[in-house]
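Welcome! Please take a look at the structure below, and then we can go through it topic by topic.

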Amino acid sequence: MNRPPVLTDAQRAQALEKAKRSRTRRAEVKAAIRSGELTIKEVLDLSENDEAVSKMRIAELLESISGVGKVRAVAILDRLAISHTRRLLGLGIHQRQSLIKEFAIPRHDLHDGRLVVLSGPGGVGKSTVSQEIRKREDFWVSVSATTRSPRHTESHGHDYIFMSDEEFDRAISNGHFLEWASFAGARYGTPRQPVLDALSHGRDVLLEIDIEGAKQVKANWPDAVLVFLEPPTWEELVSRLEGRATDSPERRAERLALAQEEMAQSPFFDHILVNDQVEHVVASLIRLAHS
Ligand code: ADP
Ligand code: 5GP
């Protein structure tokens with residue numbers, strides 16, 4: 001085995017200083033990816049002239065993207081046939097192109113519809129509003145996939161695409177979701193292709209999703225309009241949750257505790273609408289989609 005080079009104290013200090021600068025630089029780039037300030041393509045371009053960035057592992061880069069954890073990063077690497085230990089500087093041209101394609105943000109075209117995200121605490125009235133929006137020709141409401149069991153009022157393909165855990169895992173690995181998140185013990189995800197199809201046919205698209213999902217959309221889709229639906233009062237929210245007889249008492253208590261945390265997230269959204277009357281909310285959503 002080759003002996004490591006013998007370094008003087010000054011050389012060792014210099015090497016340590018260089019390693020520290022590289023780590024700081026990589027942390028900066030990862031933070032910029034997480035906030036959506038830099039895209040994957042921009043980081044790949046940057047790596048051509050920035051030694052510290054070029055030595056970043058691709059797995060590390062993927063995990064920094066909002067909504068991509070360790071599991072999805074590994075699934076993407078496997079699907080694109082990229083070694084788990086590969087660094088940016090070792091990427092082949094085709095691997096580079098497929099990575100860029102994987103995270104490409106569809107360009108907003110004048111003829112494209114607008115992506116509108118509706119979030120808010122459970123029980124505030126999101127499904128009720130979505131059902132009204134569904135009646136409109138110019139809007140298309142995305143049907144999410146979920147691993148939770150159907151409520152007795154719900155049907156497969158209309159309210160949700162109900163999936164087993166294994167089916168959901170496969171859909172994640174195949175990149176079928178625009179975003180997905182865990183909520184109250186189940187997983188929920190927006191199928192990507194139908195959204196792209198509706199937008200390219202000029203229809204506005206409504207996603208009724210949780211706050212984690214809304215954050216992922218914001219990071220990956222700057223044109224989206226993010227709307228937070230609030231109840232007129234906290235008491236009204238409690239009464240709407242209680243009034244919805246589809247959940248068990250334990251589930252309702254769990255949802256109330258969650259709703260309190262969710263209400264604190266409203267400042268993250270572009271617009272806040274109060275659900276006093278469903279028709280007012282629908283009119284405001286249409287106005288925002290056309291703004
Ligand atoms: P979410 O999808 O946000 O969990 P839902 O749409 O299921 O909420 O609504 C919860 C309950 O509140 C339902 O019983 C629904 O009929 C009722 N609701 C929704 N919007 C209003 C409103 N503007 N005024 C009064 N009740 C409402
Ligand atoms: P519920 O079980 O009451 O139908 O929905 C629970 C939560 O999951 C709600 O906040 C709803 O908006 C959210 N949700 C529904 N579909 C999706 C989805 O596709 N993605 C994400 N991130 N959340 C979703």
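A polar contact is a pair of N or O atoms within 3.5 Å; within protein, one must be able to donate a hydrogen and the other to accept it, and residues adjacent in sequence count only if both atoms are side-chain atoms. One such pair joins a nitrogen atom of ligand 1 and a polar backbone atom of Asp276, 3.2 Å apart. This is a predicted model: local features need pLDDT of at least 70, side-chain atom pairs count only at pLDDT 80 or more, and totals for chains, interfaces and linings use all residues. Residues are numbered from 1 along each chain as its sequence is written, chains are lettered from A and ligands numbered from 1 in the order in which they are written, and side-chain values use heavy atoms, leaving out hydrogens and water.

**Ligand 1**
- Around ligand 1 there are 14 residues (a heavy atom within 4 Å), and the closest are Gly123, Lys126, Ser127, Thr128 and Arg244.
- A polar backbone atom of Lys126 is 2.8 Å from an oxygen atom of ligand 1.
- Thr128 uses a polar side-chain atom, which lies 2.6 Å from an oxygen atom of ligand 1.
- Taken alone, ligand 1 exposes 570 Å², and the protein buries 73% of that (areas come from the Shrake-Rupley method with a 1.4 Å probe).

**Ligand 2**
- Ligand 2 is surrounded by 16 residues, the closest being Ser144, Arg148, Tyr160, Tyr188 and Asp210.
- An N or O atom in the side chain of Tyr160 is 2.5 Å from an oxygen atom of ligand 2.
- Polar side-chain atoms of two arginines also lie by oxygen atoms of ligand 2: Arg148 at 2.6 Å and Arg151 at 2.9 Å.
- Taken alone, ligand 2 exposes 510 Å², of which the protein buries 96%.

**Helix 13**
- Helices here are DSSP runs of H or I with at least four residues, and strands are runs of E with at least two, numbered from the N terminus.
- Why does the span of helix 13 agree with what is expected? At 1.5 Å a residue (times one less than the number of residues), its 12 residues, 278–289, should span 16 Å, and the end C-alpha atoms are 17 Å apart.
- Its buried residues (under 20% relative accessible area, 1.4 Å probe, protein chains only) include Val281, Leu285 and Leu288.
- The buried residues of helix 13 pack against elements including strand 1 (115–119) and helix 7 (126–134), where contact means heavy atoms within 4.5 Å.

Terms used: Buried means under 20% relative accessible area, exposed over 50%, partly exposed in between (1.4 Å probe, protein chains only).
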